[in-house]
Amino acid sequence: MSFKDKLLSSYIALEDYLEFDSPLHDVRNNAIKIFEEKGFPTKKEEAWKYTSLNTLLKPDYSIYSNKERNVELKNVRKYFLHEIDTYKLVFVDGVYNSFLSETTHDSLDVCLMSAALNKSKYKPVIEAYFNKAAKSDSLTALNTAFTKEGAYIHIPAHKEVEKPIEIINFSTGNEAAIFLQPRNLIVVGENAHVQIIERHQSLSSNEVLTNSVTEIFAEKRAYVDYYKIQNDEATASLIDNTYISQQRDTVCRVHTFAFGGKLVRNNLNFFQKGENCDSTLKGITILEGKQHTDHNTLVHHIAPNCESHQDYKGLFAEASTGVFNGKIIVEKDAQKIDAFQQNNNILIDDKATINAKPQLEIFADDVKCSHGCTIGQFDEDALFYLRSRGIGLKESRALLMYAFANTVLESVKIPELKVRINKLIANKIGVSLGFEL
């Protein structure tokens with residue numbers, strides 16, 4: 001039985017446990033039909049031209065894990081931003097872990113998707129927002145059909161959340177291979193502010209494939225600062241689908257730090273639906289071995305007088321592969337747009353590969369749009385200069401890597417997170433420089 005057939009059979013069994021009068025019942029059924037029709041994406045599709053899922057679909061994944069999920073804090077504390085106080089939503093093999101979490105209903109909701117789907121007091125928000133930003137591609141539809149658990153975050157109007165929120169998904173390795181599908185819904189009310197950190201982390205060398213979907217809704221004048229930390233095991237793969245809907249005068253920022261994992265695909269989509277929106281998409285990718293990371297971004301300018309800024313840096317060693325496919329769409333009525341996109345890559349070794357494809361679709365005539373892409377190697381003159389000052393080759397390369405990544409790192413707004421990312425970069429390139437950017 002193929003993995004697709006296994007999933008379709010599992011959905012039939014899942015239906016027995018779903019409420020037929022639920023407003024989501026039709027949404028789920030329509031979603032599974034989309035997945036049944038389209039199946040998993042292949043390299044024949046333009047958007048997946050450089051990324052194949054074939055090897056990921058071969059293991060016999062457990063779709064529901066019934067085994068014990070005990071995780072001790074001392075074994076996972078290093079994955080939390082423990083230097084500061086945070087709200088925490090922690091899931092272990094797809095199941096909420098109350099011991100490791102810190103939720104709240106005090107003037108805001110930081111709680112569970114399962115509660116939001118089943119309790120009547122959340123019904124107005126679910127009906128107004130759930131699956132309203134997500135596209136109907138096959139992997140998002142698959143997640144929608146099986147939506148069961150994840151983060152539910154609702155920030156009411158004029159509320160500035162006093163501390164960051166962490167969303168962490170652990171996989172224990174209790175199953176030989178497991179398939180996880182977290183679903184996050186984040187609604188940020190008018191003039192509200194929030195910072196969120198998301199991480200997926202395997203705790204073993206067993207195979208794990210995660211198909212995650214996050215919908216973020218920013219109402220008028222809202223501020224959203226979102227960070228994705230991807231530094232997983234060599235047997236863990238992630239397909240991350242994020243959809244951000246912005247109303248007028250909003251600021252939404254997403255930083256993606258892709259340092260590890262077998263195969264990572266980031267589908268990051270911004271929809272600017274009101275005037276004076278500001279969207280920022282930044283990322284640093286550092287890969288080695290046979291790691292593969294694919295950044296697929298979309299900024300859809302629908303309203304006038306908006307800005308978007310994309311800045312992605314990639315460092316690729318050994319036989320690793322990087323992909324950057326960035327699209328900007330400017331609709332006819334979206335005049336006075338300022339859209340910037342930059343993708344810079346360094347191939348450290350001869351066997352490393354980068355495929356870059358920036359795209360602009362402009363239907364307005366009064367816009368300022370630019371995009372640039374570079375692929376190269378280390379500047380030999382700069383290396384020679386550093387080495388002539390008594391700095392070793394490894395340290396010289398590390399200095400150049402840090403300088404290369406600085407435009408992304410300097411815009412991290414949480415100081416403790418910035419320190420943590422500096423350490424992750426140092427560990428990844430195997431050098432401790434004794435300073436922070």
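**Entry 1. Lys-428 and its partner**

I began with Lys-428, which is buried because its relative accessible area is 16%, under the 20% limit. The model I am reading is a predicted one. I then looked for a charged partner and found Glu-288: the two residues form a salt bridge, with 3.6 Å between the closest N and O atoms. This pair joins distant parts of the chain, 140 residues apart. I located Glu-288 in the loop between β14 (278–287) and β15 (292–301), and Lys-428 in helix α9 (residues 415–429). Glu-288 has 34% relative accessibility, so I recorded Glu-288 as partly exposed.

**Entry 2. Other salt bridges**

I noted the general basis for such pairs: side chains of opposite charge can pair when their charged atoms come close. I counted 20 salt bridges in the model.

I next examined Arg-183 and Glu-215, whose side chains meet in a salt bridge at 3.1 Å, N to O. Here too the pair links distant parts of the chain, with Arg-183 in strand β7 (residues 183–188), Glu-215 in strand β9, and the two positions 32 residues apart. I found both Arg-183 and Glu-215 buried.

For a pair within one element I turned to helix α5 (residues 123–129), which holds both Glu-127 and Lys-123. These residues are four apart in sequence, about one turn of the helix. Their side chains meet in a salt bridge of 3.9 Å, N to O. I recorded Glu-127 as partly exposed because its relative accessibility is 41%. Lys-123 is likewise partly exposed, with a relative accessible area of 41%.

I also noted a network of salt bridges that links Asp-85, Glu-102 and Lys-163.

**Entry 3. Helix α1**

I checked the length of helix α1 (residues 3–15) against expectation. Its 13 residues, at 1.5 Å a residue, should span 18 Å, and the end C-alpha atoms are 19 Å apart, so the two values agree.

Which residues of α1 are buried? I listed Phe-3, Leu-7, Leu-8, Ser-10, Tyr-11, Leu-14 and Glu-15. They cover an arc of only 160 degrees around the axis, and therefore lie on the same side of α1. I then asked what these buried residues of α1 pack against. I found two helices, α2 (25–38) and α6 (138–146), and two strands, β6 (177–180) and β9 (207–218).

**Entry 4. Annotated domains**

I consulted the UniProt record, an unreviewed entry. It annotates residues 22–167 as "domain: SUF system FeS cluster assembly SufBD N-terminal". In the model I read this span as 27% helix and 14% strand, with its end C-alpha atoms 27 Å apart.

The same kind of annotation, also from an unreviewed UniProt entry, places "domain: SUF system FeS cluster assembly SufBD core" at residues 176–404. Over residues 176–404 I read 9% helix and 61% strand, with 39 Å between the end C-alpha atoms.

**Entry 5. Glu-175**

I closed with Glu-175, which lies in the loop between β5 (165–171) and β6. Is Glu-175 buried or exposed? At 11% relative accessibility, Glu-175 counts as buried. Leaving aside residues up to four places away in sequence, I found that Glu-175 touches Ser-62, Ser-65, Asn-66, Lys-67 and Asn-206. With Ser-62, Glu-175 makes a polar contact of 3.0 Å, side chain to side chain.

Terms used
Residues are numbered from 1 along each chain as its sequence is written. This is a predicted model: local features need pLDDT of at least 70, side-chain atom pairs count only at pLDDT 80 or more; totals for chains, interfaces and linings use all residues. Side-chain values use heavy atoms; hydrogens and water are left out. The expected span of a helix is 1.5 Å times one less than its number of residues. Buried means under 20% relative accessible area, exposed over 50%, partly exposed in between (1.4 Å probe, protein chains only). The arc is that of the directions from the helix axis to the C-beta atoms. Contact means heavy atoms within 4.5 Å. A salt bridge is a side-chain nitrogen of Lys or Arg within 4 Å of a carboxyl oxygen of Asp or Glu. UniProt positions are given in the numbering used here, feature names are shortened, and annotations may be inferred rather than shown by experiment. A polar contact is a pair of N or O atoms within 3.5 Å; within protein, one must be able to donate a hydrogen and the other to accept it, and residues adjacent in sequence count only if both atoms are side-chain atoms.
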